[in-house]
Amino acid sequence: MDFLFVILVIMAAIIIANFLSQLMPKIPQAFWQILAGIILALIPGTLHQIHLEPDLFLMLVIAPLLFYEGQHTNASVISKNFSAIIRLAGILAIVTVVVLGFTEQAIMHWVLPLAVALAAIVTPTDATALDSVTSTVKMPSGIKRALNLESLFNDASGLVVLELALLWLNTGHFFLP
């Protein structure tokens, strides 16, 4: 399948998912987009031709999302809530990755570095995804602000843990650089 055709199919799926989210606003837009991605992945020959380097994905997708969210965050709010943010984003994310990693290792019988790497990928939630999922939910502003701030730092802690897990997987040794 031609690369341009695959891009057009993905764009059409995004448009349909966005249209469905407007028809049924109770279901967050992100869920429709995830469903569209799953459907495309199940269709033979659609997405299997796309090869995207992880570093390129990090630079083209993750970095702009973090930059966008960082631009809309007040520095004084971060400094005021810094200890809570670090507890949520750092400690809780690392504990979650460790628990998930050991659980994956026990259930799937993977080597521990691979299980920790997968856990580091799925643990962090970015602020954009949080806004998408909570857009239709009434939340107290303090909780929503705390979750937004936590999610900014959660991405960073997830990326650091992922990098450490990949180093561990490649070298066979766990060490902090």
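**Close-up 1. Serine 21 is a buried residue of a predicted model.** Serine 21 has a relative accessible area of 11%, so it counts as buried (that label means under 20% relative accessible area, exposed means over 50%, and partly exposed is in between, with a 1.4 Å probe and protein chains only). Its home is helix α1, residues 3-23 (helices are DSSP runs of H or I with at least four residues, strands are runs of E with at least two, and both are numbered from the N terminus). Leaving out residues up to four places away in sequence, serine 21 touches Ile27, Gln29 and Trp32 (a contact means heavy atoms within 4.5 Å). This is a predicted model, where local features need pLDDT of at least 70 and side-chain atom pairs count only at pLDDT 80 or more, while totals for chains, interfaces and linings use all residues. Residues are numbered from 1 along each chain as its sequence is written, and side-chain values use heavy atoms, with hydrogens and water left out.

**Close-up 2. Isoleucine 39 sits in helix α2, residues 29-42.** With a relative accessible area of 44%, isoleucine 39 is partly exposed. Look for alanine 13 too: 26 residues separate it from isoleucine 39 along the chain, and their C-alpha atoms are 9.2 Å apart.

**Close-up 3. Helix α5 covers residues 82-108 and has a kink.** From first C-alpha to last, the 27 residues of α5 reach 37 Å, close to the expected 39 Å at 1.5 Å a residue (the expected span is 1.5 Å times one less than the number of residues). The kink is about 25° and is centred on leucine 92 (the bend at a residue is the angle between axes fitted to the seven residues ending there and the seven starting there). Buried residues in α5 include Ile85, Ala89, Ala93 and Val97. The buried residues of this helix pack against α4 (75-80), α6 (112-122) and α8 (141-171). Just after α5 comes histidine 109, with a positive phi near 60°.

**Close-up 4. Helices α5 and α6 cross at roughly 130°.** Their axes come within 8 Å (axes are lines fitted to C-alpha atoms, for helices over the stretch in contact, and angles run from 0 to 180 degrees between N-to-C directions). That makes α5 and α6 oblique to each other (under 35 degrees is roughly parallel, over 145 roughly antiparallel, 65 to 115 roughly perpendicular, and the rest oblique). The crossing is right-handed (the near helix is turned clockwise from the far one by less than a right angle; anticlockwise would be left-handed). On the α5 side, the residues that meet α6 include Leu100, Phe102 and Gln105. Among their partners in α6 are Leu112, Ala115 and Val122.

**Close-up 5. Helices α5 and α8 cross at roughly 40°.** Here the axes of α5 and α8 come within 8 Å, and the pair is oblique. In the contact, α5 supplies Ile85, Leu88, Ala89, Ala93, Ile94 and Val97, while α8 brings Leu149, Glu150, Phe153, Asn154, Ser157 and Val161. The crossing of α5 and α8 is right-handed. As for α8 itself, its 31 residues reach 45 Å from first C-alpha to last, close to the 45 Å expected. Glycine 172 follows α8 and has a positive phi, near 85°.

**Close-up 6. Stepping back, the protein has eight helices and zero strands.** Buried residues make up 27% of its 177 residues. Of the contacts between residues at least 6 apart in sequence, 61% join residues at least 24 apart.
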